[in-house]
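Trainee: Please take me to one end of a helix for a close look, then carry on from there to other side-chain contacts.

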Amino acid sequence: KIVNRINNLNVVFLKYCNDEIRDDEEIVLRLATINCEEFEYASERIKNDERIKNDRNFILELIEKNPNIIRVLNAKFKNDKEIVLKAIEFDPGVTQCISDRLKDDEEVMFLASTYGYCLEHASERLKNNEEFVMKIFDYLYEEKCNWNEENYDSFHSVYTLLYMGEKLKSNSKFMLSLVEKYGNWLPILEYIDKNINNYKQIAKE
């Protein structure tokens, strides 16, 4: 019950616990999914547990229960595409802590970036990739139409505008195509580079 109640507390709980609690694997792992700093205060036995360090099947089981556990895992698991994709299915925000290699992986980052705020964690290459970014907008618009709700996914779409690459925001051809496709849906002019070529034409569209 104590573990369940600390979710909203801004405190590293294990820092103030005795050695017995720090050596309780169930408590440590549950706390670590709430705040990855908790793992710093786990017992050495738990930190060096062979399953946590090397057992992929065990890690996949943990991910299904608590995807945020990836934040405290060995770096090799943050670079494991299967494990990362599984975690993203439950919590796209884990892309913040995955390897740079997977932040540049189109499959991984597309899955996460359909939640627009996660595009912030993508590589600069992907943020400035016309096809990749347009694919995200296409997906979000299709979802909006499928749900037949005017504001569906508007939050994610606005964040996609915010976090897409600066080169794209300055790319008049891309921005014009975005306006032509989704100008009635997206507040594009709020995020476009005002010094862009053909800005007046884009604004008029």
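Mentor: Right where H15 starts, a side-chain oxygen of asparagine 171 comes within 3.1 Å of the backbone nitrogen of lysine 173 (polar contact: N or O pair within 3.5 Å, one able to donate a hydrogen and the other to accept it; sequence neighbours count only if both atoms are side-chain atoms). This is a predicted model, with local features needing pLDDT of at least 70 and side-chain atom pairs 80 or more, while totals for chains, interfaces and linings use all residues. Numbering runs from 1 along each chain as its sequence is written, and side-chain values use heavy atoms, without hydrogens or water.

H15 itself covers residues 172–182, and its buried residues include Phe174, Leu178 and Tyr182 (buried: under 20% relative accessible area, exposed: over 50%, partly exposed: in between; 1.4 Å probe, protein chains only). Helices are DSSP runs of H or I, at least four residues, numbered from the N terminus.

Serine 113 in helix H10 (residues 106–113) is buried too, at 0%. Its side chain gets to the backbone oxygen of methionine 109 at 2.7 Å. Leaving out residues up to four places away in sequence, serine 113 touches Cys118, Leu119, Phe132, Ile136 and Thr160 (heavy atoms within 4.5 Å).

From H10, step back to the loop between H9 and H10: aspartate 104 sits there and forms a salt bridge with arginine 125, closest N and O atoms 2.8 Å apart (Lys or Arg side-chain nitrogen within 4 Å of an Asp or Glu carboxyl oxygen). Because arginine 125 is in helix H11 (residues 124–127), the pair ties together parts 21 residues apart in sequence. Aspartate 104 is partly exposed at 28%, and arginine 125 is partly exposed at 41%.

Terms used. Helices (H or I, at least four residues) and strands (E, at least two) are DSSP runs, numbered from the N terminus.
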